[in-house]
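Visitor: Could you take me on a close look at the sheet in chain B and what packs around there?

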Amino acid sequence: MGFNLVRLIALLTVLPILGIVVYIIVQGAGSLSLQFLTQMPTNGMRSGGIFPAIVGTFYLTIGTAVFAVPLGVAAGIYISEYAKDSLWTRLIRIAIISLAGVPSVVYGLFGLGLFVIFLHFGTSILAASLTLSIMTLPVIISTTEEALRSVPARFRIVGRSLGATQWQTIRKLILPQALPGIITGVILGLERAAGETAPLLFTGAAFFLPRLPSSILSATMALPYHIFVISTQVPGMPVQIQYGTVMVLLIYVLGMNLIATLIRNKSRKNRQW
Amino acid sequence: MSEKALILRNLRVQYMDGMESLHGITLDVEPNAINVFFGPAGGGKSTILRTINRLIDLDDLKQLEGEILFHGKNLLDADVDVTALRRKIGVVFSRPIPLPLSIYQNVTFGLEAAGEKDKKKMDQQVEKALKQATLWDEVYDRLQEPANTLSGGQQQRLCLARVMALEPEIIMLDEPTSALDPIATAKIEQFMQDTKEKYTFILVPNNVSQAARMADTAAFFLQGELIEYGVGKSIFVTPKDKRTQDYIEGRFG
């Protein structure tokens, strides 16, 4: 009886996500075509494709990764392996947790202030990527730390006992074991960044661009912002295009999720401890 | 009298959490011999081993005093290169801990950390070390397989080979056979007997009979103190201290 109740509740939690995905696919599949994916929008975005928005989101994902991954992984390694428990490291931890709780629109405003205006990057892929990076950092730092901590301490002791330095032990023993967990965390962090709208509002997203961005200092279209625009800002917008765009974003994000899951499952099978 | 392998002088160690500690240990470790450190758990045997190769640096300590002389140099000095030291004084732990690498890479890990890049030389070292640890015949055709595919006894000999590859002077074994069956235990013991002409062993045995079987010198530890020390097996036959006698006869421990 109790078990069945738990099972029912568990099933209920699956319903919303299932409902959203099925509904979007049913509504959006009709507009999905090669042209839709590879062509520029025409007629004030009321027809044609969403190519620049897809490319823009891809650029922003890469840009975010370029800044957030090295920084986040390095910080995770430091906190997990090097930092002693002190007031300083406790402060760092609190900062990371707080960073994770900051609303995304605040990141957007912060990015506007720091990157767009103060550093003169303008509304650009660079400014948007940096803003998204800061937003993604807490996820990457904490999953890196967690992945490293899950590697048994005995490997560290053996590594050191064989005359390896701390860094050699981390690089050759600990990091390879933690890598699948780190990659999973990185992808999940980037996935969140790829789906965000608010941080892009003031830092990099364009309402409409007739051509692809030419450099990292150009503004860009992006899927989440494009959805916002065509849902609220364009009168007479065909509903199929809206659903089709949402579907593309959903596939993009869930695809990343799928890759992360596959990596995690594969590494669990190969794990030697 | 030949030079001592190690000279411990008034060694005092106290952990931050106040757990186990050493209260002034003075002791010589004889070269080319099996030096047995025995006694009940919590006596400080493992702490001595950890101090000798400075793995104790990884712990939070309240106190670390005294001297450990190795070729006339105090190993506790701040300027000691601990990575070089740990290559010269290797350690095998009580549970086999194969690294999550291949059999081959387990043996080359220490060599690579030491900066060895010559593939041919490493191949030779791997073969030599695995032969010394009497494991070669069982693994020569599957060196690239993960080390955890080996049996417990094989894994422990791999741990030994890993240490041997670094050509150490002193090999410390902390209850190396506690997780092994009698046959695997015999192989490890045989290895020590066969190679003690070339190496100095410090053995923490996992029972008194192993202590008596293996000892060229024996030191009995109780609660962080050295109770009795003797060359040869005399300590097991005619112990001087009542506590040593009680422990050997199985009255506590």
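Guide: Happy to! Two strands count as paired if DSSP finds at least two bridges between them, and strands themselves are DSSP runs (E, at least two residues), as helices are (H or I, at least four), numbered from the N terminus. This is a predicted model, in which local features need pLDDT of at least 70 and side-chain atom pairs count only at pLDDT 80 or more, while totals for chains, interfaces and linings use all residues. Residues are numbered from 1 along each chain as its sequence is written, and chains are lettered from A and ligands numbered from 1 in the order in which they are written.

On that footing, chain B has an open sheet of four strands in the order β2-β1-β4-β5, with antiparallel pairing. Its edges are β2 (21-29) and β5 (73-74) of chain B, each pairing on one side only. Further in, β1 (residues 6-15) and β4 (residues 61-70) of chain B run antiparallel to each other over seven bridges. One of the residues to look for is Y15(B), whose bridge partner in β4(B) is L61(B).

Now add the helix: α1 (residues 45-52) of chain B lies across β1, β2 and β4 of chain B. The helix α1(B) runs at about 110° to β1(B), where axes are lines fitted to C-alpha atoms, for helices over the stretch in contact, and angles run from 0 to 180 degrees between N-to-C directions. Contact here means that the C-beta atoms of two residues, placed from the backbone, lie within 7 Å.
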